[in-house]
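I opened my notebook for a slow walk through this fold. Here is what I looked up, entry by entry.

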Amino acid sequence: MQSRIALRDDRAAALALGLIPDTALPAFDIYVDLLCRWQDVKNLVGPRTLHHVWTRHVADSAQLLPLAPTARKWIDIGTGAGFPGLVLAILLRGRPDCEIHLVESNSRKCAFLRAVSRETGTHAQIHAGRIEDILPRLGEADVITARALAPLTELLALGKDLLRTGAIGIFPKGQDLEAELTVAAKSWNIDYHIVPSVTDPQGRICIVRQLREHGSDHG
């Protein structure tokens with residue numbers, strides 16, 4: 001009972017942020033219900049975050065959409081239990097011109113993603129496999145994103161071909177972002193800006209608009 005109350009209160013807190021439209025609520029209720037039911041067997045998210053799934057995962061992912069409102073093709077690498085990619089796919093269900101690609105190597109998580117996509121009528125494209133193998137097959141994109149996957153320098157290396165051909169990178173990060181940027185700057189010239197997270201006082205979102213490897217201008 002206590003966990004239900006905590007989840008109900010967290011849902012209300014997430015909705016108060018204004019990131020989740022009423023039309024999407026039924027789908028997100030299905031998503032969260034499936035996540036809670038699969039969690040015991042599949043360990044999809046950190047157990048300590050489950051009672052705060054609405055704020056820590058759903059709203060935290062939803063805040064990325066206003067950062068690229070006109071983007072038509074999103075690629076979420078290492079999507080895990082669907083954060084942020086499946087959340088974005090649900091929010092964009094009413095836009096048939098949009099493509100949302102979820103890349104995940106864990107077969108159990110892919111099964112969960114397919115179940116949620118099916119139950120919510122969401123047309124996310126789910127790709128099971130290694131990021132390095134899948135990305136070259138997907139072509140150009142408007143946005144590449146990743147959440148809680150790897151340090152920034154690794155994300156830039158994974159997404160460099162997309163970031164060099166017009167995609168922007170939207171990477172939610174924590175309080176270590178400055179340190180990650182310092183390390184990344186040793187290998188990359190990065191045109192970026194940072195916006196604060198609306199769900200986490202210590203969270204920031206790094207938006208990468210251009211990327212060049214050091215020495216690339218000289219061939």
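**Entry 1: ground rules and a lysine.** I count two residues as being in contact when heavy atoms of theirs lie within 4.5 Å. I also keep in mind that this is a predicted model. With that rule in hand I tried Lys-160, which sits in helix H7. Setting aside neighbours within four places in sequence, I found Lys-160 in contact with Trp-188 and Leu-211. Is Lys-160 buried, exposed or partly exposed? Its relative accessible area is 28%, so I noted Lys-160 as partly exposed. I also checked the spacing to Gly-85, which is 75 residues away along the chain: the two C-alpha atoms are 19 Å apart.

**Entry 2: the sheet.** Next I traced the strands. There are seven of them in an open sheet with mixed pairing, and I read the order as S3-S2-S1-S4-S5-S7-S6. Which strands stand at the edges? They are S3 (125-128) and S6 (188-196); each has a single partner strand, so one side of each has no neighbour in the sheet. From one strand to the next, the twist averages 20°. As a reminder to myself, strands in a sheet pair through backbone hydrogen bonds, and the pairing can be parallel or antiparallel.

I then zoomed in on the S6 edge. S6 and strand S7 (residues 204-213) run antiparallel and are joined by nine bridges. One residue I followed across was Tyr-192, whose bridge partner in S7 is Val-208.

Helix H7 (residues 152-163) packs on this sheet and touches strand S1 (73-77), strand S4 (143-145), strand S5 (168-173), S6 and S7. The direction of H7 makes about 160° with that of S5. I also looked at helix H8 (residues 177-184), which lies across S5, S6 and S7 and runs at about 170° to S6.

**Entry 3: the aromatic residues.** How many aromatic pairs are there? I count three aromatic pairs. Tyr-31 and Phe-83 are stacked, with 5.4 Å from centre to centre and 10° between the planes. Tyr-31 belongs to helix H2 (residues 25-42) and Phe-83 to the loop between S1 and helix H4 (85-91), so this pair ties together parts that are 52 residues apart in sequence. Tyr-31 is buried at 1% relative accessible area, and Phe-83 is buried too, at 5%.

Tyr-31 also pairs with Phe-112, and here the rings are tilted: 6.2 Å centre to centre and 45° between the planes. Phe-112 is in helix H5 (residues 107-120), 81 residues from Tyr-31, and the pair links distant parts of the chain. Both Tyr-31 and Phe-112 are buried. Adding Trp-38, I wrote down one aromatic cluster made of Tyr-31, Trp-38, Phe-83 and Phe-112.

Another ring caught my eye: the charged end of Arg-11 sits over the ring of Trp-54, 5.4 Å from its centre.

**Entry 4: two backbone oddities.** Most residues other than glycine have a negative phi, and most peptide bonds are trans. The peptide bond from Phe-83 to Pro-84 is cis, with omega near 5°. Pro-84 is in the loop between S1 and H4. Ala-148 has a positive phi of about 55° although it is not a glycine. I located Ala-148 in the loop between S4 and H7, where it is exposed at 78% relative accessible area.

**Entry 5: two buried polar side chains.** What does the side chain of His-101 join in a polar contact? The partner is the side chain of His-127, at 2.9 Å. His-101 is in strand S2 (residues 99-104) and is buried, with 4% relative accessibility. Beyond residues up to four places away, His-101 touches several others, among them Lys-73, Trp-74, Asp-76 and Leu-138.

Gln-39 is in helix H2 and is buried at 6% relative accessible area. Its side chain reaches the backbone nitrogen of Leu-44 at 2.9 Å. A polar atom of the Gln-39 side chain also lies 2.7 Å from the backbone oxygen of Val-45. Leaving aside neighbours within four places, the contacts of Gln-39 include Gly-46, Pro-47 and Leu-50.

Technical notes:
Residues numbered from 1 in each chain as written. Predicted model: local features only at pLDDT ≥ 70, side-chain atom pairs only at ≥ 80, totals over all residues. Heavy atoms only, no water. Pairing = 2+ DSSP bridges. Helix = DSSP H or I, 4+ residues; strand = E, 2+ residues; numbered from the N terminus. Axes fitted to C-alpha atoms, helices over the stretch in contact; angles between N-to-C directions. Phe/Tyr/Trp six-rings, centres within 6.5 Å; stacked < 30°, edge-to-face > 60°. Buried < 20%, exposed > 50% of the residue type's maximum accessible area, 1.4 Å probe, protein only. Lys NZ or Arg CZ within 6 Å of the ring centre and 35° of its normal. Polar contact = N/O pair within 3.5 Å; in protein donor to acceptor, adjacent residues only side chain to side chain.
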